[in-house]
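Q: Please take a close look at the salt bridges of this model. Where do they lie, and how are the charged side chains placed?

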Amino acid sequence: METEKVIEGRIEELKWKSLPPFERLVQNKESLQNNKFNTKERLKELNWYLLSSNVLIIMMSLGVAVSVFLQQVGLEVVWFFVFALALLLAQRLELSYRLSNLNEVKFLKKLRKDIK
């Protein structure tokens with residue numbers, strides 16, 4: 001009984017952490033408990049976002065490499081591309097963090113089902 005409560009608490013915490021930052025600011029935790037969470041759909045969505053983020057990172061890396069070697073491009077443009085690449089990498093880290101939280105929720109739900 002104690003382990004089920006601990007698992008439930010951890011599942012709720014991970015669900016909250018797996019939401020996008022804007023939704024965490026707008027919603028409250030009680031609405032998360034009342035509504036269906038749709039973990040599978042969120043996993044698919046995050047996997048898609050990660051793949052598209054990887055493509056954007058590769059494209060921006062190529063843009064940085066090309067702009068470094070071209071003499072016609074100003075230093076300000078190169079720094080802009082580097083800054084944009086850093087933002088894309090930060091977004092990629094945040095998305096992978098949210099995906100790992102959802103994967104842990106999925107595992108804990110399976111564990112909870114096996115315990116019952």
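A: A residue counts as buried under 20% relative accessible area, as exposed over 50%, and as partly exposed in between. With 25% relative accessibility, Glu94 is therefore partly exposed. This model is predicted, and the structure holds five salt bridges.

Glu94 takes part in one of them: its side chain meets that of Arg98 in a salt bridge at 3.8 Å, N to O. Both residues belong to helix H5, and because they are four residues apart there, about one helical turn separates them. Arg98, unlike its partner, is buried, since its relative accessibility is 7%.

A second site centres on Arg10, which is partly exposed at a relative accessible area of 31%. The side chain of Arg10 forms a salt bridge with that of Glu13 at 3.4 Å, N to O. Arg10 and Glu13 are three residues apart in helix H1 (residues 2–18), so about one helical turn lies between them. Glu13 is likewise partly exposed, with 35% relative accessibility.

Arg10 also meets the side chain of Glu104 in a salt bridge, at 3.3 Å, N to O. Here Arg10 lies in helix H1 while Glu104 lies in helix H5 (residues 75–115), so this pair ties together parts that are 94 residues apart in sequence. Glu104 is partly exposed, its relative accessible area being 30%.

These contacts join into a wider arrangement: Arg10, Glu13, Lys17 and Glu104 are linked in a network of salt bridges.

Definitions and conventions:
Residues numbered from 1 in each chain as written. Predicted model: local features only at pLDDT ≥ 70, side-chain atom pairs only at ≥ 80, totals over all residues. Heavy atoms only, no water. Salt bridge = Lys/Arg side-chain N within 4 Å of Asp/Glu carboxyl O. Helix = DSSP H or I, 4+ residues; strand = E, 2+ residues; numbered from the N terminus. Buried < 20%, exposed > 50% of the residue type's maximum accessible area, 1.4 Å probe, protein only.
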